[in-house]
Each structure stands twice: as C-alpha cells, then as structure tokens.
Amino acid sequence: MSETNEQNTSNSDNADNIDYMTDSRPIAVGENTPGCKKRDPIVVAEDVTRSFGGINAVDVEYLEIPRHKITALIGPNGAGKTTLFNLLTGFDTPNTGKWQFEGSSLAGVSSYKVARMGMVRTFQLTKVMGKLTVMENMRLGAAEQPGERLSKALFKGLWGGREKEITAQANVLLEKFKLDAKKDDYAASLSGGQRKLLEMARSLMVKPKLVMLDEPMAGVNPALTQSLLDHIKNLKAEGMTVLFVEHDMNMVRHIADWVVVMAEGKVVAEGPPGEVMKNPAVIDAYLGAHHDVDLGDAEGIKVLEAELEADEESVVGTEDAGILSEIVETKKEDGQ
Amino acid sequence: MDFGFIFSSALGELFSPTTAAYALAALGLAVHFGYSGLLNFGQAGFMAVGAYGFAISTLSFDAPFFLALIISVLCSVLFAFILGIPTLRLRADYLAIVTIAAAEIVRYVVTTNQLTSVTGSANGLAAFENTFYAMNPFPEGSYMGMNNRDFFIRVVAWGLVIVCCVLVWLLMRSPWGRVLKGIREDENAVRSLGKNVYAYKMQALIIGGVLGALAGMIFTLPRGAVQPSNYGTELTFFLWTCLLLGGMATVLGPVIGAMIFWVVLSLTQSLLYGLIESGVITWLTTVQAGQLRYILVGVALMLLMIFRPQGVFGNKKELAFA
C-alpha cells in the first residue's frame, strides 16, 4: 500500500507540467481487468458491501477511480450505482469495507465532511432549494464563507467581501450553464432539466477535487447536452476528476476516459470506452446485442433485420417469424 | 354599547406586554419553522422554562434580576439541547412529537405536589417581579393613561421585541440564514455541499428557544405570577396562529400576527359582551361568549388560509411552488 502511495506523490510532483486534456498515458497499471490498479487513483474502495434485507446492493471487491480523468459508471437499473455513490460520499454506511479519498480513510466520516474534503456529488432525483432564488442556490454552494458561522453572521463587514467573490464566481458558472437569465427566479420555477443544470453548477461552486454526477444528462435537451459535455470535459482541464452515472452511451463514448461497469452490485468490467463496449459480458448485462442500431429510421431497421437473420437464436428469417417479419417487410417497403 | 371603550381596549391590546410576549415567542417559531423547517409544537414549554427559570432563581436563590435572566436563558438552551440531540438527526416529524411531549412534561413537572416548595405546584409562584420593578427609571405619575409600572414593562417588552426582530433580520439576511433556508428546503442537498446540517439546526433550535424563554419572562412579569395552566398546549397553538396570520418566513409577520390575534380577541369579546348586556343576544351567556371568540379566531384563520395563505407579510410567489 505504501508503495502505491509513494508512486502517487511522485506522479503528482511532475503533474504540473501535464496537460490533463491530452494526457494519454495508460490509466491502469497492467491489464484492464475488473478491480485493476490505477496509475494514480483518487478514490480506492476495498471490499465495500451494503445489503438491504439480504439483497447485496453493493459488493465491490476492489475499485480505484483514476485522478484527473472522467470515469463513467454504467450498469443496468438496480446495479447499485447510486448506492455506491451514497456509500462513497457518506450518505449511507457500508456493512463492511474500507474506502479512502486521496489517501485518507472515509470510514465513519459524515457526508458534510466528505464534501469539505473535496468530493462533491449531485443526486439522481434532483435536489434544488425551491424557495431560494437560483443565485442563492449557487451562493449556498460556495465554501469558506465566514458569514456561515453564527458568530460572524451578524456583521456584514466580516462576510460582505467574500460574498462578492462568491457572486462573481456564481455569475460565471450560471452563464456557462445558460441559467444567467434565470438567476433571480425561484429555483422551484425551473424545469426538470434546468434543475439538473443548477445542481451541477452548484456543486462546482464548492470547487471540488472530485465531482460525482448522478445521471447529469437525464432530461436535458440534445443541444444543451453538447455544450454540457464540453463543460464536463473542461473540468478536467481545471484539474478536477469526474465520476458520473449515465445511461446515454453516446455521452459515455464521447467524454469518458474510463468506464466501470456494474451489475448486481459487482464491478464486472473496466476499461477505456471502446474496449469495454466490445466486452461480451457488458453487452449481455447492459448494452444489449443491438445497441449500435438506431431503431428510429428505416436504415436502422434493415441493419437490425440483417443482424437478426444472421443470429441463430433469433426467429427472424425463419418460418416462426410470423407477424414480426410482416412488420419488418412493411417498414422495408416504406423505406424504399 | 360604549364603542369608544371597545376600541380603546382593543387598541390597548396592541401594545400590551402579553402581545409583546406572543410576538417574541412567535418570532422564535418563525426561526424554527419559517426559516429552518423545524416543527416545534412545544414553544409553550420553552416559555414555561423561561418563566419558571426566572421565578425559581429569584425566589429560591435570591438571584438578582440579571442573574435570574441569564439562568432562565441558560435553562432554555439546555432544554433545546435535550430536545435536539436525539431528534435533529431524524426526520422533521420526530421533533414535532418530542417537543409537544416535552412541553407537557415540563407543565406536569411544575404541577407535581412533591415540588410544591420550589414550583408552587398548581398555584404557581408569585412575588418575584420586585427585582424587575426596582429598576424602574420612571417616577410615579401618569404616562399615556398608564402608571409607571405598566409603562415600564411595556417599554422593556417592546424594546426587547424590536431588538430581537433586528437581530433575527440580521441573521436571516446573512449567509448563515441562507444555509438555514437551504436546510428548510432540502437538508441532504445542503449536506452534500459541505455544511454541518445538524449544527445549524441545533443553533436555530436554541435561538428560537431563547426567544421563547424571553417571551415567557415578559409574559409573567406584568402578571406577577407564574402558573402551570398558562403554559398548556393551547398556548403553543395560539402562537402558531400568530405566526400563520403574519407570515411564516418573515420577521415582522409574527409581531403583526400577535397584534392581530389580540385585537381580534379583544374586539370580539367586547362586542359580544356589549351585545349580551344590551339584550340583543339572549341565547349566549358571557362565559359562552368567552369561548366563542376562540372559535371566531379559528374561523378568521381559516378565511386567511383561503384568501391569503401566505399570511399578511408572506411572499405570494413562494406559495406558487408549495
């Protein structure tokens, strides 16, 4: 263990000269197997288990999250992704296991202290403070505001200066997330997607080292998704590490440097996105055999049909196809 | 009917020390519920702790006024800790259950016969207010139709209300107040941003409780007596009425709410008595009229909830998302 720590420090010593955006050194030490060691991990979890009434929601033998990288956590519904988030950030306590952030153990550390250490999360069910304005929501995220102490709250002179800095920081972020026009409105008046954005922007107010986003793109329109993807990529340039849960495979493919696949509480595969998506176990458990096919247009249907005809297990192309083949036939004619 | 008397007595209620006490205690509830989302159904308990803390330290220990005041405030802080430590980590409902029970426990403890020598049991305590009136700077005479004692307690009571309102306003516009409001909306979100939610809730519980204790003292001083029956559960609900009348997350709301509450009570009482005495209403006794006015307060509260649910000072916009 101490050996890896030394390695970490030596890595972060020369880290200043490295552009994290173009850093292409291998992430893992050795093979990309589930639970493999990373060159420079920020979070290390060992034997973390959590069961709810006999069901093992999370049973992670060993997991390292690489520093200065964007890691995607994917897996079918109920795989334990959100539970793992809760465990790592102190919102839930594991039954067993050790887990650490930047070398310091997080066992028994309460959630607010985890956040102060620089590990900030968002929630799958968005949490905004409805009856505070968007700007107040943002300001609430900021750290080191002396006015948040009762002893200093009465005297504006003691916190007014920091408040101005915070407001400036919030304005920059709100503009990036296209919420600047909304800043004096109550957060409750925002749409679901805008709330997602606000929550993400607010978590960045903390200036975290590790941002953990739980389905950041759910309910956000495609154009905004594009610009958000750029923002998330840019977080890396600012020296942050990102861990996110997402079901949109395009997003995972475009921005993730590393993908961790969970199923039934366990880590079943790890690796760069291209590699992981070809992994048969991942295709079985999560992606589905025909995940590349766009079912929305006629071309896609044809491709699917061709794939299914080649597939021995499928009824398409055999006498048993019945009504299924008729639908495909009509679709084909429409397409031509 | 003497309308002049009816209105002057209603106006008298506007600035009575009891109204000031209600305003202070309701302000404490505003800190608890309006700003922090803590459901405190035992504000009467805090008032009782304040009143008894003051009376007992004066009578049993001969404490000078300010020492008795400090002891009573410390007692309410202790009471807040006892209530808060087990419940503030749990959901909001648990605090509601515990506070309502604790307030009753306080009332029953001071009523028990075993403690008669200290608490005076059901008869309560009296003659502890001399240390207060000894400080009266106003010489004897008539001040706007009041004697110097009545005038002094009004000046002190409303002075205290003003100071507390300013303090609460200063606190709530600060980043500290912002964290509290955030906790009211969603405490897990605030936790995820690195704030110690438990500590903030405890601080809010203590501040609101101390306001309640001060209110308890203001409530008992002009009466010259403290009795357990004054601190029943209905007192807490009158305070909630004041809070809802004025507006929950406002500073002036509880004060105006308390004024409206007492003016309405006084007006309905005087009008009903006048009507009964002049023979217009024959189907009511004066005792029944006394009960009826509380029913009327309930009706007024219902009408308010229908036509102005945010209270007098509340922000209508906040309700759009309730």
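**Exercise 1. Where chain B touches chain A**

Work out how many residues of chain B are in contact with chain A, and which elements of chain B they come from.

*Solution.* Keep in mind that you are looking at a predicted model.

Step 1: count both sides. Here 24 residues of chain B are in contact with 30 residues of chain A.

Step 2: sort the chain B side by element. Those giving two or more residues are α8 (148-173), α9 (175-185), α10 (187-192), α11 (197-220) and α15 (316-319) of chain B. Out in front is α9(B), which gives the most, with seven residues.

Step 3: sort the chain B side by class. You get nine nonpolar, seven polar and eight charged residues.

**Exercise 2. A helix in chain A**

Compare the reach of helix α6 of chain A with its expected span, then find what its buried residues pack against.

*Solution.* Step 1: get the length. Helix α6(A) covers residues 156-176, so 21 residues, and reaches 29 Å from first C-alpha to last. At 1.5 Å a residue you'd expect 30 Å, and the helix comes close to that.

Step 2: pick out the buried residues. In α6(A) these are Trp159(A), Ile166(A), Ala170(A), Leu173(A) and Leu174(A).

Step 3: look at their partners. The buried residues of α6(A) pack against α4, α5 (150-153) and α7 (192-205) of chain A, together with α9 of chain B.

Step 4: check just past the end of the helix. There Lys178(A) takes a positive phi of about 60°.

**Exercise 3. Two helices side by side in chain B**

Are α2(B) and α11(B) roughly parallel or roughly antiparallel?

*Solution.* Step 1: find the angle. The axes of α2(B), residues 17-35, and α11(B) come within 8 Å and cross at roughly 170°.

Step 2: apply the cut-off. An angle over 145 degrees counts as roughly antiparallel, so that's the word for α2(B) against α11(B).

Step 3: see who meets whom. On the α2(B) side you'll find Leu24(B), Leu27(B) and Tyr35(B) among others, and the α11(B) side includes Leu211(B), Ile218(B) and Phe219(B).

Step 4: sort the residues of this contact by class. They divide into 17 nonpolar, six polar and no charged.

**Exercise 4. Into the core**

Which residues of the largest nonpolar core touch the most other members?

*Solution.* Step 1: name them. Among the core's 170 residues, the answer is Tyr22(B), Leu24(B), Ala26(B) and Met47(B).

Step 2: ask which element gives the most to this core. That's α11(B), with 14 residues.

Step 3: follow one residue. Leaving out residues up to four places away in sequence, Ala26(B) touches Leu239(B), Cys242(B), Leu243(B), Pro254(B), Gly257(B) and Ala258(B).

**Exercise 5. Three loop residues**

Decide whether Ala127(B), Met144(B) and Gly130(A) are exposed or partly exposed.

*Solution.* Step 1: take Ala127(B), in the loop between β1 (125-126) and α7 (130-133) of chain B. This residue isn't glycine, yet its phi is positive, near 60°. Ala127(B) counts as exposed because only 10 C-beta neighbours lie inside 10 Å, and the limit for exposed is 12 or fewer.

Step 2: take Met144(B), in the loop between α7 and α8 of chain B. Phi is positive here too, near 50°. With 8 C-beta neighbours inside 10 Å, Met144(B) counts as exposed.

Step 3: take Gly130(A), in the loop between β6 (119-121) and α4 (134-141) of chain A. Its 18 C-beta neighbours inside 10 Å make Gly130(A) partly exposed. The C-alpha atoms of Gly130(A) and Ala188(A) are 4.0 Å apart, although 58 residues separate the two along the chain.

Note on methods
Residues are numbered from 1 along each chain as its sequence is written. Chains are lettered from A and ligands numbered from 1 in the order in which they are written. This is a predicted model: local features need pLDDT of at least 70, side-chain atom pairs count only at pLDDT 80 or more; totals for chains, interfaces and linings use all residues. Two residues are in contact if their C-beta atoms, placed from the backbone, lie within 7 Å. Helices (H or I, at least four residues) and strands (E, at least two) are DSSP runs, numbered from the N terminus. Ala, Val, Leu, Ile, Met, Phe, Trp, Tyr, Cys and Pro count as nonpolar, Asp, Glu, Lys and Arg as charged, and the others, Gly among them, as polar. A residue is buried if 20 or more other C-beta atoms lie within 10 Å of its own, exposed if 12 or fewer, and partly exposed in between; C-beta atoms are placed from the backbone. Axes are lines fitted to C-alpha atoms, for helices over the stretch in contact, and angles run from 0 to 180 degrees between N-to-C directions. Angles under 35 degrees count as roughly parallel, over 145 as roughly antiparallel, 65 to 115 as roughly perpendicular and the rest as oblique. A nonpolar core is a set of buried Ala, Val, Leu, Ile, Met, Phe, Trp, Tyr and Cys residues joined through C-beta atoms within 7 Å. The expected span of a helix is 1.5 Å times one less than its number of residues.
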